[in-house]
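Colleague: Thanks for sitting down with me over this one. Could you walk me through the strands, helices and rings?

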Amino acid sequence: MKKFITLILLLIFCVTKIDAQLSKAKEFYKDEDYASALPLFMKEYKKNKKNGSVNYWIGVCLYKLGNEDESIKYFEYAMSRRVIDAPYYLGKIYSKRYEFDNALKMYGEYQSIMIDNKKEISDEIKYEIQYARNAKSMLDHVEDIVVLDSISVDKDEFFHNYKISPETGYILSQSELPPSLEQSIIGFRDQSDSRIILASPDDNGKIRLCESVKLIDGSWDTPKFIDTKISNNGDLNFPFLMQDGMTMYYASNNESTLGGYDIFFTRKDEETGEFLKGQNLGMPYNSAANDYMLVLDDVTGLGWWATERNNIEGKVTIYVFKRNEIRKNHRIDEVNLPKFARMSDYKLTWGDEDYQYMVDNIQNIKIDVNKRKYESDFMFVIKKGLIYDSLIDFKSKDAVREMKQLCILYQERDELKSTIKSLRSDYIKNAENQSIKEDIIVKEKELKKLLEVIFKTENWVRAEEQKLLNK
């Protein structure tokens, strides 16, 4: 009898200890201290692997601690025991993997369980389900691009790390905009220095796209909105205008995006001159995070865009890629399609090719952020992916001779631009002086002729150098 009582007391002590251990685990869980809760839940799991709730709690802890792959089996078992939120977490995991068919299946299971339990689905979860639907439709149209490099930089004025040619234009932060345009957030100045596309808040605080042109006196005209037909909802930001003056890329956070800002593009109507309704650029450019500031450089053949998909606090990732002349999408049966879409390993886009020489060329270009000019003798594109910045780079002696002449022409061009800028400044102070106005017109004509000579000489140098390179 004494032994029996002792056994009962020992059993009560063990049960009490187990209850205390589980209670402590739940307490950590409630406080979102998942690292402390997990080992206690695992002890419970070893004692009873068929407890659906314990499986679910372990799954959540692993998920929150970044061990999503390991959490799946616990969520799957919890779902088999009808634990309400288990399929929701499985949907989130499959969404992150870009396995959207599986994600939508899990979200469907979750919705069924919620209906059976007469519970409402939160707006946040409805948004996640809609994201999976939108993303699934985009997964059929993932552009096949070669991403050359992935650069993590500070989010503040990240675009100073874009190494784009002067012929493409300049991205300007708020502090770099002309004083009369500083109410705008960011701007893109075209290569002719005559037009700036701006992202600027309207009277209601909505960020919209507008344009300002340079007047003959050097001042900038009052910005005019150019986004009337582009979109009627969400903010429009981070504009980039192609050299053709007809195609514009921008970012928007309207309801059709995958999440936050997505990159869109639009073209001008040739008859009306108005930009048309924008279209989502799709994957791999866009993701569930913010994606923005896409720039395509016609001179170098490179493209740049920024993304927050890698979730590094205070940082953004800049992807540099070889731009396609014509869009080419991956096959929908491509095994690595989800990896290409979410850009999990950019070097996977290289295939069997070695593009390290292009990466080295890009990394060797140095930019003076303050002056927005390249710190080298010059920056001269021989062909896409090959940039010379010194006379010693040339193989052709004839090309070297003409390049020396080009450098003189570049200096004349800069001096002419400086003179025109000075004349415009004088004209602002004395607008009635017609002789200054006439001087400006004369100098601008000289500059136009000089630019034509420079253009022809540049093409000759490129052709001459390529003859030797192609041998």
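Modeller: Happy to, and please keep in mind that this is a predicted model. A good place to start is the pairing of β1 with strand β13 (residues 315-322), which is antiparallel and runs over eight bridges.

Colleague: Which residue of β13 is the bridge partner of I151?

Modeller: β1 and β13 pair in the antiparallel sense. Within that pairing, the bridge partner of I151 in β13 is I318.

Colleague: What is the strand order of the open sheet that holds β1?

Modeller: The sheet has four strands with antiparallel pairing. Its edge strands are β1 (146-154) and β11 (291-297), each pairing on one side only. From one strand to the next the twist averages 20 degrees. Read across, the order is β1-β13-β12-β11.

Colleague: Which helix lies across β1, β12 and β13?

Modeller: The helix in question covers residues 356-364 and runs at about 35 degrees to β1. It is α9.

Colleague: Now the other open sheet, with the order β7-β8-β9-β10: which strands stand at its edges?

Modeller: Pairing in this four-strand sheet is antiparallel. An edge strand has a single partner, so one of its sides is left without a neighbour in the sheet. The strands in that position are β7 (236-241) and β10 (279-280).

Colleague: How many bridges join β8 to β9?

Modeller: Strand β8 (residues 247-252) runs antiparallel to β9. One pairing to look at is M248, whose bridge partner in β9 is T266. The number of bridges joining β8 to β9 is six.

Colleague: And in β10, what is the bridge partner of F265?

Modeller: Strand β9 (residues 262-267) pairs with β10 in the antiparallel sense over two bridges. F264 stands opposite N280 in β10. For F265, the bridge partner is Q279.

Colleague: Let's turn to the helices. Why can α5 be called largely enclosed, and what do its buried residues pack against?

Modeller: Helix α5 (residues 86-96) has ten of its eleven residues buried, so the rest of the structure largely encloses it. Among the buried ones are Y88, Y89, L90, K92 and Y94. After α5 comes Y98, with a positive phi near 65 degrees. The packing partners of the buried residues are α3 (52-64), α4 (68-80), α6 (100-116) and α7 (123-138).

Colleague: What span should α11 have, and how far apart are its end C-alpha atoms?

Modeller: Helix α11 (residues 434-469) has 36 residues, and at 1.5 Å a residue it should span 52 Å. Its buried residues include I436, L447, E458 and R462, and their cover includes β16 (380-383), β17 (386-388) and α10 (397-429). The expected span agrees with the distance between the end C-alpha atoms, which is 52 Å.

Colleague: R462 catches my eye. Which ring does its charged end sit over?

Modeller: R462 is one of the buried residues of α11. Its charged end is 4.8 Å from the ring's centre. In another case, the charged end of R208 sits over the ring of F225, 3.9 Å from its centre. For R462, the ring belongs to F380.

Colleague: Last one: how many aromatic pairs does the structure hold?

Modeller: One example is Y388 with F394, an edge-to-face pair at 4.8 Å centre to centre with 85 degrees between the planes; both residues are buried. Y56, Y63, F75, Y88, Y89, Y107 and Y110 form one aromatic cluster. The number of aromatic pairs in the structure is 30.

Terms used
Residues are numbered from 1 along each chain as its sequence is written. This is a predicted model: local features need pLDDT of at least 70, side-chain atom pairs count only at pLDDT 80 or more; totals for chains, interfaces and linings use all residues. Side-chain values use heavy atoms; hydrogens and water are left out. Rings of Phe, Tyr and Trp (its six-membered ring) pair if their centres lie within 6.5 Å; planes under 30 degrees apart count as stacked, over 60 as edge-to-face and the rest as tilted. Buried means under 20% relative accessible area, exposed over 50%, partly exposed in between (1.4 Å probe, protein chains only). A charge sits over a ring if NZ of Lys or CZ of Arg is within 6 Å of the ring centre and within 35 degrees of the ring normal. Two strands pair if DSSP finds at least two bridges between them. Axes are lines fitted to C-alpha atoms, for helices over the stretch in contact, and angles run from 0 to 180 degrees between N-to-C directions. Contact means heavy atoms within 4.5 Å. The expected span of a helix is 1.5 Å times one less than its number of residues.
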